[in-house]
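Biologist: Please take a close look at a single part of this model for me, and go on from there to whatever else you can describe.

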Amino acid sequence: MAKLHINNLKRVSTIAPEIYGHFSEHLGRCIYEGIFVGENSEIPNVNGMRTDVVEALKEIRIPVLRWPGGCFADEYHWKDGIGPKEGRKKMINTHWGGVVEDNSFGTHEFFELCRQLGCKTYVNGNVGSGTVQEMSEWVEYITFNGISPMAELRKKNGQEEAWRIDYFGVGNENWGCGGNMRPSCYADLYRRYQTYVRNYDPAAPILKICGGANVDDYHWTRTVLDVTHDHTPPQFHGFMDGLSLHYYVHPEGWEIKGSATEFDEAVWYKTLAKALFMDELVTRHGHIMDEYDPEKRIGMIVDEWGAWYTCEPGTNPGFLYQQNTVRDALVAGITLNIFNKHSDRVKMACLAQMVNVLQAVLLTEGEKLVKTPTYHVFHQYRHHQGAALLESTLTGVSEIEAGEWKVPELTEAVSEDGDGILTVTINNLSASEEKTVELSFAEGAYQVAEATVVSGELHAHNTFEAPETVKEEAFTAHRSEAGRIKAVLPPASVTMLRLKK
Ligand code: AHR
């Protein structure tokens, strides 16, 4: 039997709510159709935003939303997306699917979406093909309340009050689609561009995010910090508040990727092992960051993560539309537990992407909407947002070996909220075996106040015809005994327990 000892006397760090963030790019049917249908659509909407999508997203408490890309960000010229819609430029989205981008969703629409969601805003600027002036004027347009050309333009376009940018990304993947730069070149550009991301409202400072590494490119992290580190803390604060990291799970590698719904048990474990690699990435990039920033003032911002499979047969390959199974529930559960455990350094993470693209939480088809298994995991884990990570230790857990891939049977994270309620999220990675776990506490005894599970046959997924095949269900296989709690976790499951004294 596995044992999970919870040291409820030791709070390790605060789990930033933004770890549960999302990403929406002008890619495929994420923004258009998935979120924004326009005011004249027959699909119920408020100011063009799908009501069903906004309502579903509010249930998982979206803390922050990143936009407009991704690779699209470094091709995006924000002035194309403001002003009367009929006058907005139509162009080809050369990066994603070669479809017409009519710019009907732009800056005003993004801030309206975030208003409806009640979330923080993360705007990603264009370094790859944009100028310093363009970036600087965008910030002025959005956030300046005084007299200036851009503030006047915003008012002319119907928005009197400035909005708030919570986070600003200075470029995206500048080692690749954002300009194919070498790290020292990007680091110098970062120094320059960020200078003009002005904080017009000192009471609401914009947190600046520097473009970080792809996967295990530790050289990028070190070089970027090396070139910028003369801005040592406390000056670093306000110069660089976050450094990003991107990592996608491709079961069969970048070229082949692999099907979202057809895989055998070996590929199940390979996928989960690749999801677990996030722990090594966060640890090793984190160690480099520690050398430059031992006080951990700069957040690690994993602003793109998730499983990336071969797109669904018959769909535009440039749209990255994929199904989402119980395997994705486990990828999400494992990854979010890793972020929780590293919440001393990881300050934000954005799942790629929110609707209809990659490991989406929602899929749409016309007026129909489906919540994916990943959605249900985000719903389970929402209790961790803003809670204190507690020290917790798992013992009695073996490794499951599948060819060259090894995964532990269980992964977990435990937090305590402001009311003293504990949230335990625990994943059983085994494809076929249930696992019993006994929870013990350093101090006091707890009762299960609420418990849910997301599980099922490995390939199970939700379709527009059967939208509830995989859902969050009540979990009852637990009992309390002498101050301890025993739970029997089904195979291939993500379980959430809320514990009260
Ligand atoms: O999320 C899809 C793409 O993946 C993003 O546009 C890019 O930043 C990354 O390579």
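Modeller: In the hairpin formed by strand 24 and strand 25, 2 residues lie between the strands, and Ala482 has a positive phi near 50°. This is a predicted model, in which local features need pLDDT of at least 70 and side-chain atom pairs count only at pLDDT 80 or more, while totals for chains, interfaces and linings use all residues. Residues are numbered from 1 along each chain as its sequence is written, and side-chain values use heavy atoms, without hydrogens and water.

Strand 24 covers residues 478-481 and strand 25 covers residues 484-489; strands here are DSSP runs of E with at least two residues, numbered from the N terminus. The two pair in the antiparallel sense over 4 bridges, where pairing takes at least two DSSP bridges. Within this pair, Arg479 of the hairpin stands opposite Lys486 in strand 25.

Now the ligand. It is surrounded by 13 residues, each with a heavy atom within 4 Å of it. Glu25, Cys71, Glu173, Tyr248 and Glu304 are the closest. By class, the shell has 7 nonpolar, 3 polar and 3 charged residues; Ala, Val, Leu, Ile, Met, Phe, Trp, Tyr, Cys and Pro count as nonpolar, Asp, Glu, Lys and Arg as charged, and the others, Gly among them, as polar.

Three side chains have a polar atom close to a ligand oxygen (a polar contact is a pair of N or O atoms within 3.5 Å). For Glu173, an N or O atom of the side chain is 2.7 Å from an oxygen atom of the ligand. The distance from a ligand oxygen to a polar side-chain atom is 3.0 Å for Gln353 and 3.1 Å for Asn172. Alone, the ligand exposes 280 Å², of which the protein buries 94% (Shrake-Rupley areas with a 1.4 Å probe).

Key: A polar contact is a pair of N or O atoms within 3.5 Å; within protein, one must be able to donate a hydrogen and the other to accept it, and residues adjacent in sequence count only if both atoms are side-chain atoms.
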